[in-house]
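Biologist: Can you walk me through this complex? Keep it short, please.
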Amino acid sequence: MASRRTLKDNRGDGDKYSVLLPTYNERENLPLIVWLLVKYFGESGYNYEIIVIDDGSPDGTLEVAKQLQQIYGEEKIVLRPRAAKLGLGTAYIHGVKHATGNFVIIMDADLSHHPKFIPEFIEKQKKGNYDLVSGTRYSGDGGVYGWDLRRKIISRGANFVTQVLLRPGASDLTGSFRLYKKEVLERLVERCVSKGYVFQMEMIIRARQLRYTIGEVPISFVDRVYGESKLGGNEIVSFLKGLLTLFATT
Amino acid sequence: MTKLLEWVFCVLLLGVAWALVTFDLLDLRLPPIYKELAWPMPVYLLVLFGCYSIATIGYRVATFNDCEEAAKELQTQIAEAKADLRKKGLKL
């Protein structure tokens, strides 16, 4: 581990980044995402911690998380598990309560979001002192791997409808790879009432309402290395319901 | 004002303007060409918007970046990560 403490270990500017990883049955992916996070944070020298919020995964995700704690240390790998699958919004609230950083990064633990973009998020945030930085799949050289034509059409179609109805000033609203100032995340999460995709949308809309500044970084989204990502009729219907609710109430 | 109210307001405003011209509600006695142009406007604008939507979505789907490189890089890194973690004592 001594070799990991290279010259760039501590930038000493006082900023610390807490990565929130809500997990459910991510036994295979968790070690890999943690390894990648350690690699890119190590190389960039930013101070960080990884908070794993496991919702009682039956596949033993928590056991794997404990092993990772042994390997990387309890300061870097923080475990805050919950007894049951309780949803993303509450996972963020729970995670933020224990975060010791002044910035919070939210991302998926299934390797669809790549930690290599985190230094870019951080630099973007510093450049414009943004209250939040959002990873976008739709602009710049952002993109997706593993989506068929149907999925792409639905995605772009839904995004188009969202842009027309809500005019949010951000290109990717359903994305969940973001960097927030800690107090901004805290304030936004307590105001948001929706679930799933719509929750991520609502966070951006409320951020706009509260006049927070939003920066964007193009990211690549690699869909489901180990499994299948489904976007069925039910999800589309609940997305539309949520969108119309936001349309009518914000 | 919510987005819904903004839309309702704009639609009402445009609707009133359209009705005023098309049905000559204020007895403005505009040249008939105004009425002829105004009358089909709602349908015309809807069709225009429909075409714009399809064209925009089509374009965006066609230019949606396919991250082949990212996927390959991830596969390589997964292998590297597994080997390194095994060395560090991780048991799966």
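Modeller: One term up front: a polar contact is a pair of N or O atoms within 3.5 Å; within protein, one must be able to donate a hydrogen and the other to accept it, and residues adjacent in sequence count only if both atoms are side-chain atoms. This is a predicted model, where local features need pLDDT of at least 70, side-chain atom pairs count only at pLDDT 80 or more, and totals for chains, interfaces and linings use all residues. Residues are numbered from 1 along each chain as written, chains are lettered from A and ligands numbered from 1 in the order written, and side-chain values use heavy atoms, without hydrogens and water.

Biologist: How many residue pairs are in polar contact across the interface of chain B and chain A?

Modeller: The rule finds 13, with both residues at pLDDT 80 or more. Helix 4 of chain B gives the most to the side touching chain A, with 14 residues (helices are DSSP runs of H or I, at least four residues, numbered from the N terminus).

Biologist: And how many salt bridges between chain B and chain A?

Modeller: Three, by the rule (Lys or Arg side-chain nitrogen within 4 Å of an Asp or Glu carboxyl oxygen). One joins B:Glu73 and A:Lys116, at 2.7 Å, N to O.

Biologist: What area is buried between chain B and chain A?

Modeller: About 3,500 Å², with 66% from carbon and sulfur atoms. That is accessible area (1.4 Å probe) lost on being put together, summed over both parts. In chain B, B:Lys3, B:Phe64 and B:Leu74 lose the most, together 19% of that side's buried area.

Definitions and conventions
Buried area is the accessible area (1.4 Å probe) that two parts lose on being put together, summed over both. Helices (H or I, at least four residues) and strands (E, at least two) are DSSP runs, numbered from the N terminus.
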